[in-house]
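Okay, thanks everyone, I'll keep this short. Have the model open in your viewer and stop me if I go too fast.

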Amino acid sequence: MDRDVQRKDAFYIGGAWVDPAGTGVIEVIDPTTEQVLATVPEGTPADVDRAVAAARAAFGLWAATTRQERADYLSALHLTIKARADEFARTIAAEMGAPLKMASRVQTGIPATVLRSYADLLPSYPFEEEIGNSLVVREPVGVVGAITPWNYPLHQVVAKVAAALAAGCTIVLKPSEVAPLTAFLLIEACAAVGLPPGVLNLITGYGPVVGEAIAAHPDVDMVSFTGSVPAGKRVAKVAAGTVKRVTLELGGKSANVLLPDADFATAVKVGVAYAFLNSGQTCTAWTRLLVPADRHDEVTAAVVEVVAGYPLGDPFDETTRLGPLASAAQRDRVRGYIRTGLAEGAQLAAGGPEQPAGLDTGYFVRPTVFAQVEPHMTIAQEEIFGPVLSVLPYSDEADALRIANGTIYGLAGGVWSADPDRALAFARKMRTGQVDINGGRFNPVAPFGGYKQSGAGRELGRFGLEEFCEVKSLQR
Ligand code: NAD
């Protein structure tokens, strides 16, 4: 058995695989089998020092490359990931449980597109402009610490790395300790395209140790963090010691609002898909379905019917729509929320906290639907990050807006109406970074990020690039 365990025993620093300073290892658990899949080194602040020094040493040369040179590297990286897409998808499916089809189309396909988008953006991006008697230039911010979560282990890394590389920054990357293997593949891809030594460095380890060492480091100019609200707040506090730039992509509790004249059948189908994508472990998941009170029962019945078509199972099985959650801790957390929902009086319409029948092994959670959820309930306020959907009745449009905006979060959302102008007017009033109108599809170059405690800063496209730039004014 043990011979199947992948043993990663080095960090990638300055263009070479180097021995860690410490001796600790972290086990990566396959959430489907509950067996050890791999081990990675447990980094220390000494490893961070070394990686930051390598990134600093590489910064001058990388910042001085032409935009076309950087576009060429990004383009080559895009092609390399596409060529190795199957390996990326299989690694993602194994390390965090996403169904293979989805791991391929979404988890691997989107980051490949994002790399391409930055290669396309660079040649025409206005790094310089004239404002009055000033020449205003955008320059790379410097050495970037990138800290990422486990739910989209390639996408969350690429959203930072592609934009930072495009801007001319060098990077120290710390992926999630829960799902770090994809980052090793990405490093292999960077080495294969000849990315210069020190431009991208990889350290694995725990957040409070390696993550905080990055956030505190005096020679790191910016931290780009994606993860939970508590960890994001901690990163911001630690980073404040050196007044470095901080961008935060945090959690969500997004509302999907069905206005009375909407096409309910389509809205329910798409709404369930958005709520349960990646077993609900998606920061933008539409976890609150807001429906007119007089249509509540009808919509709930339709939701339950759609959810019945979401088979749980092995991520490598073609028919699986919902894999396991990424870790035992996440499964326990989600089941805890389901129990809280029951205790607070929400009506269980589907699912529940028990281990699903026929799946004795694996961190599975039954797709769960709560009805008659009230806005003050814990399950309507806190991010659950699992396959749990709450149906909330509203009395009129003003009530719907109050409920939609009534959490600490503001990352995403949806609104549906037969009248596109009515839906747009509602979307404008939602205090959230992204709203999809009548199922408008994901745009990989549109700015992505949160209002309120969902974060600060934006990723993707031009707005994402600008986060990694300093602005200098030259008066003439
Ligand atoms: P997490 O906050 O536990 O961990 C995220 C990363 O931060 C990991 O690499 C972790 O090691 C590190 N970390 C943890 N504590 C730290 C600390 N004190 N200092 C520095 N780094 C620290 O989150 P997670 O469980 O991996 O991911 C789930 C969360 O991520 C959810 O809340 C989800 O909404 C959020 N998320 C947000 C987005 C977005 O773009 N807004 C995208 C994906 C996930």
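I'll go through two sheets, some helices and a few single residues.

Housekeeping first: this is a predicted model, so local features need pLDDT of at least 70 and side-chain atom pairs count only at pLDDT 80 or more, while totals for chains, interfaces and linings use all residues. Numbering starts from 1 along each chain as its sequence is written, and side-chain values use heavy atoms, with hydrogens and water left out.

When I say helix or strand, I mean DSSP runs numbered from the N terminus: H or I with at least four residues for helices, E with at least two for strands. Two strands pair if DSSP finds at least two bridges between them.

Let's start with the seven-stranded sheet. It is open, its pairing is mixed, and the order is S15-S16-S17-S14-S13-S18-S19. Which strands stand at the edges? Strand S15 (347-350) and S19 do; each has a single partner strand, so one side of each is left without a neighbour in the sheet.

Now look at S18, residues 413-416. S18 runs parallel to S13, with four bridges joining them, and Val257 has Val415 in S18 as its bridge partner. S18 is also parallel to S19, through two bridges, and there Gly414 stands opposite Asp436. In a regular strand the side chains alternate between the two faces of the sheet. In S18, Gly413 and Val415 point one way, Gly414 and Trp416 point the other way, and all are buried. Buried here means under 20% relative accessible area, exposed means over 50%, and partly exposed is in between, with a 1.4 Å probe and protein chains only.

Two helices lie across this sheet. Helix H9 (residues 264-276) lies across S13, S14, S16, S17, S18 and S19, and runs at about 175° to S13. Helix H10 (residues 296-307) lies across S14, S15, S16 and S17, at about 140° to S14. For all these angles, axes are lines fitted to C-alpha atoms, for helices over the stretch in contact, and angles run from 0 to 180 degrees between N-to-C directions.

Just before S19 is Val435, in the loop that follows helix H14 (420-429). Buried or partly exposed? Val435 is partly exposed, at a relative accessible area of 23%. Leaving aside residues up to four places away in sequence, Val435 touches Gly413, Gly414, Val415, Ala427 and Met430; contact means heavy atoms within 4.5 Å. The C-alpha atoms of Val435 and Ala255 are 9.3 Å apart, with these positions 180 residues apart along the chain.

After S19 comes the loop to strand S20 (455-456), and Asn438 is in that loop. Most residues other than glycine have a negative phi, and most peptide bonds are trans. Asn438 has a positive phi, near 50°. Lys452, in the loop between S19 and S20 as well, has a positive phi of about 50°. Asn438 is partly exposed at 32% relative accessibility, and Lys452 is partly exposed at 37%.

On to the other sheet: three strands, open, antiparallel, in the order S6-S7-S21. Strand S6 (128-131) and strand S21 (469-475) are the edges, each pairing on one side only. The twist averages 25° from one strand to the next. S6 and S7 (residues 134-140) pair over four bridges, and Glu130 is opposite Leu135 in S7.

Next, a helix pair. H3 (residues 85-96) and H4 (residues 100-121) pack at about 115°, with their axes 8 Å apart. From H3 the contact includes Phe88, Arg90 and Met96, and from H4 it includes Leu100 and Gln107.

Helix H8 (residues 229-240) has twelve residues and spans 16 Å from first C-alpha to last, close to the 16 Å expected at 1.5 Å a residue; that expected span is 1.5 Å times one less than the number of residues. Val229, Gly232, Val235, Val238 and Ala239 are buried in H8, and the buried residues of H8 pack against helix H7 (207-216), strand S11 (222-226) and strand S12 (245-249).

Last one: Gln156, in helix H5 (residues 155-167). Gln156 counts as buried, at 6% relative accessibility. Beyond residues up to four places away in sequence, Gln156 touches Thr148, Pro149, Asn151 and Thr226.

That's my tour, so over to you.
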